[in-house]
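Here is a short tour of the model on your screen. Keep the structure open as you read, and follow the strands one pairing at a time.

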Amino acid sequence: MKFSMDRNTLSDALVNASKASSSRSPIPALEGVLINLKEGVITVTGYDLEMGIKCKVSPTTAEEEGEIVVNAKIFGEMIRKMPAGAVDISTDKSGNITLRSGSVVFNVVGVSGDQYPNIPELRNDITFYIDEHILKSMIRQTFHAIATTDIKPVHMGSKFHIEDNVLSVVSVDGVRMAKRVEPVEYNDIDFVVPSKTLGELMRMLSDESNDKKVAICIDRNQICFSKDDYMIISRLLEGNFIDYDRIMNFEEKSTAIVKASEFAQSLDRTLLLNTERYKCPVICTFDNDNLDIEIKTSLGKMSDNFAIKYGGEKLEIAFNAKYMIDALRNSECDEVKLQFTGPLSPIRIKPLDGESFVGIVLPVRNK
């Protein structure tokens, strides 16, 4: 293999692909990334048997096709620290790699590409498309509620559910939920994507509104997200996801309208007195268009109050402040509705108009 290409372009591809390489693996090749040159295109691949990332880039010159596996961290650092400009890379039949840029030359040992496991090839039987910035927003607004423990592994990802041309992305972790919906041109399918895959996907996607689409392809227990020359392939999580609609769709008895940032900032102050990793609850009292906030810990106590819009009987409710802050900030709204049925029933967080986002925070007993 022999080619030349811009240092920064190759470095970016190596950094992105290496996020899917294994830190430790019984298959040594999986601790590296595969560099493949074929038909004038370089494909850099990282794969840990659960998730794979492929980045395609164009070399400045391509003289000889081939493939080689390189140590993801060391090779990436070598490329990054090369002088700016083009880097010449070549391999010999023994798997030795030569990197050259100006007066700098590295000679390192690689591994034959034959030892690198094949990433699953997906059929395109089930494929739909969604705007890049919308998909990123849907993942971002629900990511905080994904479970981080494996009590029920299927909840360590977000559920994608399409029905009647509406896509719902839902995350749950036992004490909170988040749901975001958007229209798509597809119908009747659901699957659960691991949080690691979603985290890498968010880094791949842009926040800017544009006309770019992400293709989502599902084949058996695998999924592929592809955009431009970047592709993420991942296993899907299996198991019975919680019946979130049953929990989210309750008949509220009272509603408060609050400024999301003001409420979040006040709750954030309560965390300064919390020495138990947010386990000490904050107590909120809703009454007569007024919200009182109070917390008592071993360090001391704090109180705050401000005007809101509230209709209903006086309600005192306690909850984890961190969970409510996450829901408020990820609503991405200036004002939200908080809906209640009682002091020990779920709290629903929604925009003032529509239901594009729904958050659920479970209260705790006020001891």
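A good place to start is I162, whose bridge partner in β13 is L167. That pair belongs to β12 (residues 157-163) and β13, two antiparallel strands joined by 5 bridges. Please keep in mind that this is a predicted model.

**Around strand β13**
- β12 and β13 make a hairpin with 2 residues between them, and D164 in its turn has a positive phi of about 55°.
- On to the next partner: β13 also pairs with strand β14 (residues 176-183), in the antiparallel sense and over 7 bridges.
- Within that pairing, S168 has V181 of β14 as its bridge partner.
- β13 and β14 form a hairpin too, with 3 residues between the strands; here G174 takes a positive phi near 100°.
- Is strand β13 (residues 166-172) enclosed or open? Of its 7 residues, 6 are buried, so the strand is largely enclosed by the rest of the structure.

**An open sheet with two helices on it**
- Now look for a sheet of 5 strands, which is open and runs in the order β5-β1-β7-β8-β9 with antiparallel pairing.
- Its edge strands, each pairing on one side only, are β5 (61-64) and β9 (104-109).
- From one strand to the next, the twist averages 15°.
- Helix α1 (residues 7-18) packs on this sheet and touches β1 (2-6) and β7 (86-91); the direction of α1 makes about 100° with that of β1.
- Helix α2 (residues 72-80) packs on the sheet as well, touching β7, β8 and β9, and its direction makes about 20° with that of β8.
- Strand β8 (residues 96-101) runs antiparallel to β9, and 6 bridges join the two.
- One pair to pick out there is T98 with its bridge partner N107 in β9.
- As a general reminder for reading such pairs, strands of a sheet pair through backbone hydrogen bonds, either parallel or antiparallel.

**The chain as a whole**
- The secondary structure comes to 7 helices and 27 strands.
- Along the principal axes, the C-alpha atoms fill a box of roughly 80 × 50 × 40 Å.
- The chain has 367 residues, and 50% of them count as buried.
- Among contacts with a separation of 6 or more, 67% come from residues 24 or more positions apart.

**Surface and charge**
- About 18,500 Å² of the chain is exposed, with carbon and sulfur atoms supplying 45% of it.
- There are 44 positive and 54 negative side chains, and the centres of these two sets lie 5 Å apart.

Technical notes. Residues are numbered from 1 along each chain as its sequence is written. This is a predicted model: local features need pLDDT of at least 70, side-chain atom pairs count only at pLDDT 80 or more; totals for chains, interfaces and linings use all residues. Side-chain values use heavy atoms; hydrogens and water are left out. Two strands pair if DSSP finds at least two bridges between them. Helices (H or I, at least four residues) and strands (E, at least two) are DSSP runs, numbered from the N terminus. Axes are lines fitted to C-alpha atoms, for helices over the stretch in contact, and angles run from 0 to 180 degrees between N-to-C directions. Contact means heavy atoms within 4.5 Å. Buried means under 20% relative accessible area, exposed over 50%, partly exposed in between (1.4 Å probe, protein chains only). Accessible areas come from the Shrake-Rupley method with a 1.4 Å probe; for residues, only the protein chains shown count as cover. Lys and Arg count as positive and Asp and Glu as negative; His and the chain ends are not counted. The place of a charge is taken as NZ of Lys, CZ of Arg, CG of Asp or CD of Glu.
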